[in-house]
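Subject: A structure for you to look at

Hello,

Here is the structure I promised to pass on, with the sequence alongside. Have a look around first, and then read on for my notes.

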Amino acid sequence: MFWTSLVDLAHGFEVALQPHNLLYCFIGVLIGNLVGVLPGMGVLSAVSILLPLTFGMQPVAAILMISGIFYGAQYGGAICSILLNLPSHPPHAVTCLDGYPLTQQGKGGVALGITMMGAVFGAAFGILQMMFLAPYIAKIAFSFQAAEICSLMLLGLLAGSTLAKGSPLKGVAMTAFGMLLGLVGTDTATSIERYTFGHYELADGIELVALALGLFGIAEFLRSVNNVAPVNTAYTKLKFKDMRPSKAEAKEAAMPILRGTLVGSLCSLIPGTGPVIASFIAYATEKKVSKNPEKFGTGAIAGVAAPEASTHSSIQGDFIPTMSLGIPGDAAMALLLGALIIHNITPGPRLIVEHPDVFWGLVASFWIGNLILVFLNVPMIGVWVRLLTVPYRYLYPSALFFICIGVFATRNSLFDVGVTLVIGVFGYLLLLLRFEPAPMLLGFVLGPRFEENFRRALNIAHGDLGTFVERPISAFFLAICAALIGLQIYARIKKARAPVKLASTAFD
Amino acid sequence: MMKRFERQRDYYAGALMILIGVFAGYVATTYDLGSLREMGPGFFPLILSVLIAGLGVGIVASAGGKEGDAYGPMAHGHRVGVDLRGWAAIFAGVVAFIVLGAYAGMAPATFACVFLAAIGDRQNTWKSAAVLALGITAFAIVVLSFGLRVQMPIIRGF
């Protein structure tokens, strides 16, 4: 198995090193890095805008590029957090706590250097994990039938909505609502149009791109317009040589990077716990094991190194369930799954066998892409830092246009652009009521597939709901689901006894 | 006023979910429900609707407690409230894109969309908005129309 993985990887490098694939990988990580650096731009909207533009491309190139945006943005996001104290990318919110104090002490460059070390180590570990684990997981999943797939999806959906930030009740409600939106359009089994209310344009369903850009693009603009604090650009003069950490600093960062990486890789294996949670746990762990925890929050090197390493290892590991099971762990991976489907690649355990070009090409491109990112960020840090100062008043009108044209290009429909605006206003309402829109996207992508498998499983079992608990693997997944819900209730009772804020416990 | 909204937020949030659940559930019952063995098109939507409404009740029930803001360091410091000028500009920009995209072509649609949206930001002037809009239009023509062949003519013939 070990050996075959290496042979397959060699094939992957052949694919990824083809000039046009290499070019798109480069474009992907470049755009990702750019989006990460620009405060006020989101990864999800960037991917959604570019998704329709990849329709004409070969599937491998498209997937490499889109994936590149995801991990590329993590490099840029750290710059934004450390130098500006702006947590515009959730996985890097924790990095602000110690990264910005370091910047204020004139050690922003060192913090970025440490981040790079953590990023490379974390990413490398995450990719290795994907190389050796994903084929195994897929092999196990070969035997899954409708009932197992259904229970596994339920686990993914439940974990994705309860473990993310915010209230778990609201998270599950958003997931269910997203699934409902996913059902809009013609029912595949009976050809009956559902929830279209006479609009023939909706017969094919709501467009994934329209939903994502409404929720993460327009809704965000409606909230932010004339409402963003001016960016503090006091610390944006930074040169390449400022980034080199001293020997003592590098030594101080080494163990936290290792621990952070392990936390990240463990988190990526649990469906639904993406990079955001990984970075929080890594920070909390570091504070717990540290000899002088009072230093955290005032510029501790470990407080930068551990969460950054965990973010990068879990973002690479996040690809595992998506590519090996076809079940995404968060909204970003849901978009990637959407991209696979658009390019006629059926996600699921057969993907690695049926499309080795896509899977191994992707793994190889991860190595290449991360290498490119280091070269992009380390010597050229000055360029990126200057981009931090691009004002929001130029960014958002341009982004609004790209949203319009992106949605239009998906299926040449101006009706969809209008739908996006409506979704955007509704998304603003949801944000106002403190609903997290991300689980909605997850539900939207998995909803129709869940229904299909649910129907099939019960059809096979002659309508006996017991099939889900009688089949051992399915029962196992359902048991984890129950444990998840139990954990939430337990946490709630515990919280009610000791009224400590949820977020603050993560830092104690 | 704003304080009151903060306190009552979860009541509104739950009510919205109940509303959605009841409405979607009602619509689902107009489709064929079928049986567990042969599910009709209405079956699964009905399950989801009941779940959403139930969760809405749960959100209302758990509202009003001393639940802290779990956002912690992620809060962006946004004010609650609608910025009329910004909202009008975003709406106008998208609508202009749709109308001009249908009748006038990509170049006018792009210019109008960016220009109107930019005017919405109080820090932009007419001139800076126009310059930005021109720049994006040029980019759209070269990259999107010539490069990526987006299916919308630059100028529609009359």
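Between strand 1 (185-186) and strand 2 (193-194) of chain A there is a loop, and A:S191 is found in that loop. Before going further, please keep in mind that this is a predicted model. The backbone at A:S191 is worth a click, since its phi is near 60 degrees, a positive value in a residue other than glycine. As a general point, most residues other than glycine have a negative phi. Is A:S191 buried or exposed? A:S191 counts as exposed because it has 8 C-beta neighbours inside 10 Å, and a residue with 12 or fewer is put in that class.

A:N344 has a positive phi as well, near 60 degrees, and is likewise a residue other than glycine. You will find A:N344 in the loop between helix 14 (331-342) and helix 15 (351-354) of chain A. With 7 C-beta neighbours inside 10 Å, A:N344 counts as exposed.

Now for a residue in another setting. A:G317 belongs to helix 12 (residues 302-317) of chain A. A:G317 is buried because 30 other C-beta atoms lie within 10 Å, where 20 or more are enough. Leaving out residues up to four places away in sequence, A:G317 touches A:G126, A:Q129, A:M130, A:G264, A:S265, A:S268 and A:L269. The fold also brings distant parts of the chain together here: A:G317 and A:F125 are 192 residues apart along the chain, yet their C-alpha atoms are separated by 8.7 Å.

What about the rest of helix 12 of chain A? Helix 12 is mostly covered, with 16 of its 16 residues buried. You can check its length yourself: at 1.5 Å a residue, counting one less than the number of residues, its 16 residues should span 22 Å. The end C-alpha atoms of helix 12 are 22 Å apart, so the two values agree.

Helix 10 (residues 247-269) of chain A is a good one to look at next. Its 23 residues reach 33 Å from the first C-alpha to the last, close to the 33 Å expected at 1.5 Å a residue. Where does helix 10 of chain A bend? The bend is at A:A254, by about 30 degrees, and a proline, A:P256, follows within four residues. A:P256 is one of the buried residues of helix 10, and others include A:G264, A:S265 and A:S268. Those three are also among the residues that A:G317 touches. The buried residues of helix 10 pack against helix 6 (108-141), helix 11 (275-289), helix 12 and helix 13 (319-324) of chain A.

On to chain B. Its secondary structure comes to 5 helices and 0 strands, so to speak a run of α-α-α-α-α from the N terminus on. Of the 158 residues of chain B, 34% count as buried. Chain B is divided into domain 1 (2-64) and domain 2 (84-147), and the centres of these domains, taken over C-alpha atoms, are separated by 38 Å. For one example of a residue here, try B:V27 in helix 1 of chain B. B:V27 is partly exposed, with 16 other C-beta atoms within 10 Å. Between the C-alpha atoms of B:V27 and B:A112 there are 39 Å in space, and the two are 85 residues apart in sequence.

How do the chains meet? The contact takes 66 residues from chain B and 64 residues from chain A. On the side of chain B that touches chain A, helix 1 (2-29), helix 2 (43-61), helix 3 (84-103), helix 4 (106-119) and helix 5 (126-147) of chain B each supply at least two residues. The largest share of that side, 10 residues, comes from helix 3 of chain B. By class, that side has 40 nonpolar, 17 polar and 9 charged residues.

Last, the inside. The largest nonpolar core has 222 residues, and A:C404, A:L441 and B:C113 have the most contacts inside it. Helix 4 (residues 59-84) of chain A gives the largest share of this core, 18 residues. Domain 1 (2-64) and domain 2 (84-147) of chain B each contribute at least three residues to the core. Leaving aside neighbours within four places in sequence, A:L441 is in contact with A:G178, A:L211, A:A212, A:L215, A:A331 and A:A334.

Enjoy exploring!

Key. Residues are numbered from 1 along each chain as its sequence is written. Chains are lettered from A and ligands numbered from 1 in the order in which they are written. This is a predicted model: local features need pLDDT of at least 70, side-chain atom pairs count only at pLDDT 80 or more; totals for chains, interfaces and linings use all residues. Two residues are in contact if their C-beta atoms, placed from the backbone, lie within 7 Å. Ala, Val, Leu, Ile, Met, Phe, Trp, Tyr, Cys and Pro count as nonpolar, Asp, Glu, Lys and Arg as charged, and the others, Gly among them, as polar. Domain bounds come from an automatic or database domain assignment. A nonpolar core is a set of buried Ala, Val, Leu, Ile, Met, Phe, Trp, Tyr and Cys residues joined through C-beta atoms within 7 Å. The bend at a residue is the angle between axes fitted to the seven residues ending there and the seven starting there.
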